[in-house]
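Good morning, and thank you for making time for this. I would ask you to bring the model up on your screens, and I shall then take you through it one region at a time.

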Amino acid sequence: MPILTQQVSDIGSDGPAPELTTVTWTSPLGQVTVLSDWPSGYLVQPGARGLDMPPFKAYEDESPGIHGNRRRDTKANAREIMIPVAIYADDGRPAFLARKRRLLRDLSPLEGDGRGILTLTEADGSSRSITAIYASGAEGAEDVDSAGRRWISYGLTWTCESPFWLGAEYSRGFRAVGNDQPFFPSGVPWVVTDSQVLGTGVEIVNPGDVPTFPVWTISGPITAATFTHPTGGSWTLTRDLSVSDVAVIDCRERIETAVLNGTENLWPSIDEAAVLWPLLRGTNTVDLLASGATSATTVKVRLRPRYLSA
């Protein structure tokens with residue numbers, strides 16, 4: 001997803017071409033700045049870097065007497081993103097200074113936990129976002145090629161702890177029903193049979209480029225639930241849930257929580273050998289088994305696809 005850009009001098013009275021990518025920065029405190037919004041005094045310049053593949057780190061073994069190495073594993077490392085941004089004003093230096101100072105304040109990693117969000121949106125409305133922490137680039141230089149009385153150009157650089165871009169979140173909800181009738185005729189037929197099996201061989205699609213960890217919401221009643229991926233392992237929740245109980249099992253990396261009704265820790269009810277498996281790229285065929293289910297029992301899976309590039 002390349003960022004199409006224009007120089008300030010190329011804008012003209014009608015503004016940038018409508019097919020340009022919209023670049024948005026959401027500060028750690030939630031303040032939104034459209035960095036490609038020329039009427040507001042911000043414009044993305046040519047030269048962005050770090051928007052596509054992340055850097056990778058290889059783990060290799062070396063054996064004496066054998067030429068070469070043997071790769072054991074590969075992981076994606078944190079990435080840096082640099083976007084050149086011009087700030088300018090046609091309505092005087094005070095307006096320019098106000099715009100510049102506002103952006104610098106909203107870039108500051110001293111606000112909140114320092115983490116903001118970069119979002120790139122295409123003309124068709126599709127977008128991808130990444131969590132980012134401002135690193136450098138806005139220190140300022142007053143030479144003739146970098147600044148003037150009513151404009152300045154920065155090469156803003158952010159560090160992204162997770163290297164993956166996120167697509168729009170989506171979820172699928174399913175209800176256990178009797179008589180082997182699907183709740184969603186056009187969806188996966190999750191049904192309760194006489195043995196109260198919520199679903200075996202269920203297909204869930206991950207449209208992203210890499211494995212994505214889901215969030216599961218289970219609304220009772222149940223007495224136990226076991227969710228299994230054929231290559232990823234399984235986890236079991238053993239707990240009586242009433243019709244008013246809601247359990248949320250969050251499998252996302254660095255989060256991994258199990259909570260009942262928003263407050264109670266459910267980890268003691270999760271088996272010790274549990275693997276909170278991810279959904280692999282493409283179609284995943286999984287088993288979702290629940291005992292003690294009734295027609296009131298529901299399960300929802302929620303995920304944000306992860307992508308290698310913007």
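Strands β4 and β5 form a hairpin with six residues between them, and G65 in the turn has a positive phi of about 85°. Strands here are DSSP runs of E with at least two residues, helices are runs of H or I with at least four residues, and both are numbered from the N terminus. Strand β4 covers residues 56–62 and pairs with β5 in the antiparallel sense over seven bridges; for two strands to pair, DSSP must find at least two bridges between them. Within this hairpin, Y59 has D73 of β5 as its bridge partner.

A word on the source. This is a predicted model, in which local features need pLDDT of at least 70 and side-chain atom pairs count only at pLDDT 80 or more, while totals for chains, interfaces and linings use all residues. Residues are numbered from 1 along each chain as its sequence is written, and side-chain values use heavy atoms, with hydrogens and water left out.

Next, the overall content. The protein has one helix and 22 strands. Of its 310 residues, 41% are buried, where buried means under 20% relative accessible area, exposed means over 50%, and partly exposed lies in between, with a 1.4 Å probe and protein chains only. Among the contacts in the protein with a separation of 6 or more, 68% are between residues 24 or more positions apart; a contact means heavy atoms within 4.5 Å.

Let me turn to the helix. Helix α1 comprises the 15 residues 93–107, which at 1.5 Å a residue should span 21 Å, and its end C-alpha atoms are indeed 21 Å apart. The expected span is 1.5 Å times one less than the number of residues. Against which strands do the buried residues of α1 pack? They pack against β1 (22–26), β2 (32–34), β3 (42–44), β6 (79–88), β8 (127–136) and β10 (151–160). The buried residues of α1 include F96, L97, L103 and L107, and also the charged-letter positions R99, K100 and D106.

I come now to the sheets. One open sheet of four strands has the order β13-β20-β15-β16, with antiparallel pairing. Its edges are β13 (199–206) and β16 (233–241); each has a single partner strand, so one side of each is left without a neighbour in the sheet. The twist averages 25° from one strand to the next, taking axes as lines fitted to C-alpha atoms, for helices over the stretch in contact, with angles from 0 to 180 degrees between N-to-C directions. Six bridges join β13 to the antiparallel strand β20, residues 282–291, and T285 in β20 is the bridge partner of E203.

Just before β20, R281 lies in the loop between β19 and β20. Is R281 buried or exposed? With a relative accessible area of 58%, R281 is exposed. R281 is 74 residues from P207 in sequence, yet their C-alpha atoms are 6.3 Å apart in space. Leaving aside neighbours within four places in sequence, R281 is in contact with N206, G208 and D209.

Another open sheet has six strands in the order β12-β21-β14-β17-β18-β19, again with antiparallel pairing. Here β12 (170–175) and β19 (264–265) stand at the edges, and each has a single partner strand, so one side of each lacks a neighbour in the sheet. Two bridges join β18, residues 257–260, to β19, and V259 has N265 as its bridge partner in β19. S219 is found in strand β14, residues 215–219, and counts as buried at 18% relative accessibility. Beyond four places in sequence, the contacts of S219 are D245, V246, A296, T297 and T298.

A further buried residue is T119, at 15% relative accessibility, in strand β7, residues 115–121. T119 and T24 are 95 residues apart in sequence and 5.1 Å apart in space, C-alpha to C-alpha.

Finally, the largest pocket holds about 830 Å³ of space. Its lining has 24 residues, of which S162, L166, E253, R254 and R306 lie nearest the centre. Strands β5 (69–76), β8 and β21 (298–303) each supply at least two residues of that lining. A pocket is found on a 1 Å grid over the protein atoms alone, as an open set of points where a 1.4 Å probe fits, with protein on both sides within 12 Å along at least five of seven lines; lining residues have an atom within 4 Å of a point. Grid points are joined across faces, edges and corners, and the volume is the space filled by probe spheres set on the points.
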